[in-house]
Amino acid sequence: MYKIGYLDDENREFENYKVDFEFHNINLIKVSNIQTKAQLREFILDEKLDAIIIDYDLSKLHQKELGDGNSLVRYLNIEIPDFPSIILTSFANDSRNDGTVINALILDRNIMTNDVDGTNYCEFINTIINLIDVFKKRLSLNVEEYQTLIAKKKSGNDLAPVEEQRL
């Protein structure tokens, strides 16, 4: 079962979304009591989330550091490279116009009104699962590369500058 975080300043639809995601073998976890970007990163790592869905407009959280969903996705892309971070919003055009998140990762909240076994909803779920699978594969490849470089360094071999940087 996949674990996906959900951060929104209005959680009135959370329980409905949670049931819909469970239909697709996804555990949707409410992200709450987060006041800083660093706390969000730690929540993701502590909960071992596979992805996160963030609302674009987070103004009702009244946490200046959290800003908006786009700024959080940008932060997460730096802190946890390749981590699947998706904007789900009623203000998709505003989010896209910001120009800081890949348009394909900005989804209109209306997708959630489709039937959970319908084509559009299944494509939405498949997109999320693909993002997760790519993240896990890249993470695995990075771990392999790291282990190879550590072994090379421990054996006394010099690392090339590019290898040193990768390490």
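**Close-up views of a predicted model**

**View 1. Tyr-6 between two partner strands.** Tyr-6 has Lys-30 of strand E2 standing opposite. The model is a predicted one. On E3, the residue opposite Tyr-6 is Ile-53. Tyr-6 thus links the two panels of this view: Lys-30 in E2 and Ile-53 in E3.

**View 2. Strand E1 and its pairing with E3.** E1 covers residues 2-7, and E3 covers residues 51-54. The two strands run parallel and are joined by 4 bridges. Gly-5 has Ile-52 as its bridge partner in E3. Tyr-6 faces Ile-53 in E3.

**View 3. Strand E1 and its pairing with E2.** Here 5 bridges connect E1 with E2. This pair also runs parallel. Lys-3 stands opposite Asn-27 of E2. Tyr-6 stands opposite Lys-30 of E2.

**View 4. The open sheet.** The sheet holds 5 strands, and its order is E2-E1-E3-E4-E5. It is open, with parallel pairing. Which strands stand at the edges? They are E2 (26-30) and E5 (106-108). Each has a single partner strand, so one side of each lacks a neighbour in the sheet. On average, neighbouring strands are turned by 30° against each other, with direction ignored.

**View 5. The β-α-β unit around H1.** E1, helix H1 and E2 build a β-α-β unit. Its hand is right-handed. H1 takes in residues 14-22. The loop between E1 and H1 contains Asp-9.

**View 6. Asp-9, a buried acid without a salt bridge.** Is Asp-9 buried or exposed? It is buried. Asp-9 has no salt bridge. The nearest side chain of opposite charge belongs to Lys-60, 5.7 Å away. A salt bridge would need a side-chain nitrogen of Lys or Arg within 4 Å of a carboxyl oxygen, so Lys-60 does not qualify.

**View 7. Backbone contacts of the Asp-9 side chain.** What does the side chain of Asp-9 reach at 3.4 Å? The backbone nitrogen of Ser-59. A polar atom of the Asp-9 side chain also lies 2.9 Å from the backbone nitrogen of Lys-60. Lys-60 therefore appears in two roles: its backbone nitrogen lies 2.9 Å from the Asp-9 side chain, while its own side chain is 5.7 Å away and forms no salt bridge with Asp-9.

**View 8. Asp-94 in helix H4.** Helix H4 spans residues 92-98 and includes Asp-94. Asp-94 counts as partly exposed because its relative accessibility is 41%. Asp-57 sits 37 residues apart from Asp-94 along the chain. The C-alpha atoms of these two residues are separated by 9.6 Å.

**View 9. The whole protein, for orientation.** The protein has 6 helices and 5 strands. From the N terminus, the elements follow the pattern β-α-β-α-β-α-β-α-β-α-α. The C-alpha trace spans about 60 × 35 × 30 Å along its principal axes. The protein has 167 residues, of which 38% count as buried.

Definitions and conventions:
Residues are numbered from 1 along each chain as its sequence is written. This is a predicted model: local features need pLDDT of at least 70, side-chain atom pairs count only at pLDDT 80 or more; totals for chains, interfaces and linings use all residues. Side-chain values use heavy atoms; hydrogens and water are left out. Two strands pair if DSSP finds at least two bridges between them. Axes are lines fitted to C-alpha atoms, for helices over the stretch in contact, and angles run from 0 to 180 degrees between N-to-C directions. A crossover is right-handed if, with the strands pointing away from the viewer, the path from the first strand over the helix to the second runs clockwise. Buried means under 20% relative accessible area, exposed over 50%, partly exposed in between (1.4 Å probe, protein chains only). Lys and Arg count as positive and Asp and Glu as negative; His and the chain ends are not counted. A polar contact is a pair of N or O atoms within 3.5 Å; within protein, one must be able to donate a hydrogen and the other to accept it, and residues adjacent in sequence count only if both atoms are side-chain atoms.
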